[in-house]
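I am opening a notebook on a structure that is new to me. My entries below record what I looked up, one topic at a time.

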Amino acid sequence: MTLETLSTNRSFDGVQGVYKHASAATGTDMVFSVYVPLHTAGAKLPLVWYLSGLTCTHANVTEKGEYRRLCAELGLIFVAPDTSPRGEGVADDADGAYDFGLGAGFYVDATQQPFAQHYRMWSYVTQELPALIAANFPADMDRQSIMGHSMGGHGALTIGLTYPDRFKAISSFSPIVAPSQVPWGQKALGGYLGDDKAAWRKHDAVALIEDGARGPALLVDQGDADNFLAEQLKPHLLAEACDEAGIDLTLRLQPSYDHSYYFISTFMADHLRWHAERLNNRAGT
């Protein structure tokens, strides 16, 4: 897999890079960012995956997430993929809506036309991109964790719960915890996967837990001033499912915080320290 470097910048003595490659999973070029902290030659570092939300690319968290200082301190690689395939011939929402199509891949492998050809973000994030990271960066693939925001929080939860042996920690900011039960998720899962709601369950964190999925302890931060809280996010459904299943969930409602990167950047350090502890990292234990 050939990797093209689009940019590199020194930051806190590490390197923030942006890269592009031709994806076999999506059939398009894909762009992602990786921060690699300063490290000794030959060292392998734990890595944190960050999945972004609706309308975002890799750039949103890369430019606004304020993660590099702590990743440098803790010795964490930070990987940020895109949220959907892009390019000529990639299908989009017919009306140009922000919550479906480009920028809204929902971390599933679509089965419905015209999306099935390119919208294979589940395979991209869980298989193809990890192989690319392992081959090109000093990543310890035995020490991975995953986090995300909103739609990306949904992705982090579903992927983490599906691969509990791979990810030692899972956290989310403002996740869509039960997409089968909210308008964003119903539109996306129906559009990408069709009308059979049984097929939706493996892409719904609450349904996965109800169906027996288990994983490490979960950390979720949610702003109580988030205008999507009541209709789209419904974190109480995750709390109820975790309580029933005996999963250790830390759910923090943060007063006066909204859905933005001002919120995410405020609590990013908490999440990275929490991940570092569970990755058994030298500075996080």
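**Strands S2 and S3**

I began with strands S2 and S3, which run antiparallel and are joined by eight bridges. This is a predicted model, so I looked up its confidence too, and I return to that in a later entry. Strand S2 covers residues 14-22 and strand S3 covers residues 29-36. Within this pair I found His-21 standing opposite Met-30 of S3. The two strands form a hairpin with six residues between them, and there Gly-27 takes a positive phi near 70°.

I then followed S3 to its other partner, S5, with which S3 pairs in the antiparallel sense over three bridges; here Ser-33 stands opposite Ala-80 in S5. I also asked myself how many of the eight residues of S3 are buried. I noted that seven of the eight are, which leaves S3 mostly covered.

**The whole sheet**

Next I wrote down the order of the open sheet, which has nine strands, as S1-S2-S3-S5-S4-S6-S7-S8-S9, and I noted that the pairing is mixed. At the edges I found strand S1 (4-11) and strand S9 (249-254), each of which pairs on one side only. From one strand to the next, the twist averages 20°.

For a parallel pair I turned to strand S7 (residues 167-173) and strand S8 (residues 218-223), which are paired over four bridges, and I noted Leu-218 in S8 as the bridge partner of Ile-170. I then looked at helix H9 (residues 261-278), which packs on the sheet and touches S4, S5, S6, S7, S8 and S9, with a direction that makes about 165° with that of S7.

**Helix H3**

In helix H3 (residues 121-136) I found a kink of about 35° at Leu-129, shortly before the proline Pro-130. Both Leu-129 and Pro-130 are among the buried residues of this helix, which also include Trp-122, Tyr-124 and Ile-133. What covers the buried residues of H3? I listed S2, S3, S4, S5, S6 and helix H4 (151-162) as part of that cover.

**Cysteines**

I searched the whole structure for disulfides and found zero. Cys-56 is in no disulfide, and the nearest cysteine sulfur, that of Cys-71, is 18 Å away. Why does Cys-71 form no bond with Cys-56? The reason I noted is that the sulfur of Cys-56 is the closest cysteine sulfur to that of Cys-71 and yet, at 18 Å, is too far for a bond. I checked burial as well: Cys-56 has a relative accessible area of 6% and is buried, while Cys-71, at 0% relative accessibility, also counts as buried.

**Asn-60**

I placed Asn-60 in helix H1 (residues 58-64). Is Asn-60 buried or exposed? I entered it as buried, because its relative accessibility is 19% and the cut-off for buried is under 20%. Leaving aside residues up to four places away in sequence, I found that Asn-60 touches Gly-65 and Tyr-261.

**Confidence**

Last, I looked up how confident the predictor is, and the chain has a mean pLDDT of 96, with 98% of its residues reaching 70 or more. Over residues 281-285, however, pLDDT stays under 50, and for this stretch the model has 15 contacts beyond four places in sequence.

Methods: Residues numbered from 1 in each chain as written. Predicted model: local features only at pLDDT ≥ 70, side-chain atom pairs only at ≥ 80, totals over all residues. Heavy atoms only, no water. Pairing = 2+ DSSP bridges. Axes fitted to C-alpha atoms, helices over the stretch in contact; angles between N-to-C directions. Contact = heavy atoms within 4.5 Å. pLDDT = per-residue confidence, 0-100. Bend = angle between axes of the 7 residues up to and from the residue. Buried < 20%, exposed > 50% of the residue type's maximum accessible area, 1.4 Å probe, protein only. Disulfide = S-S within 2.5 Å.
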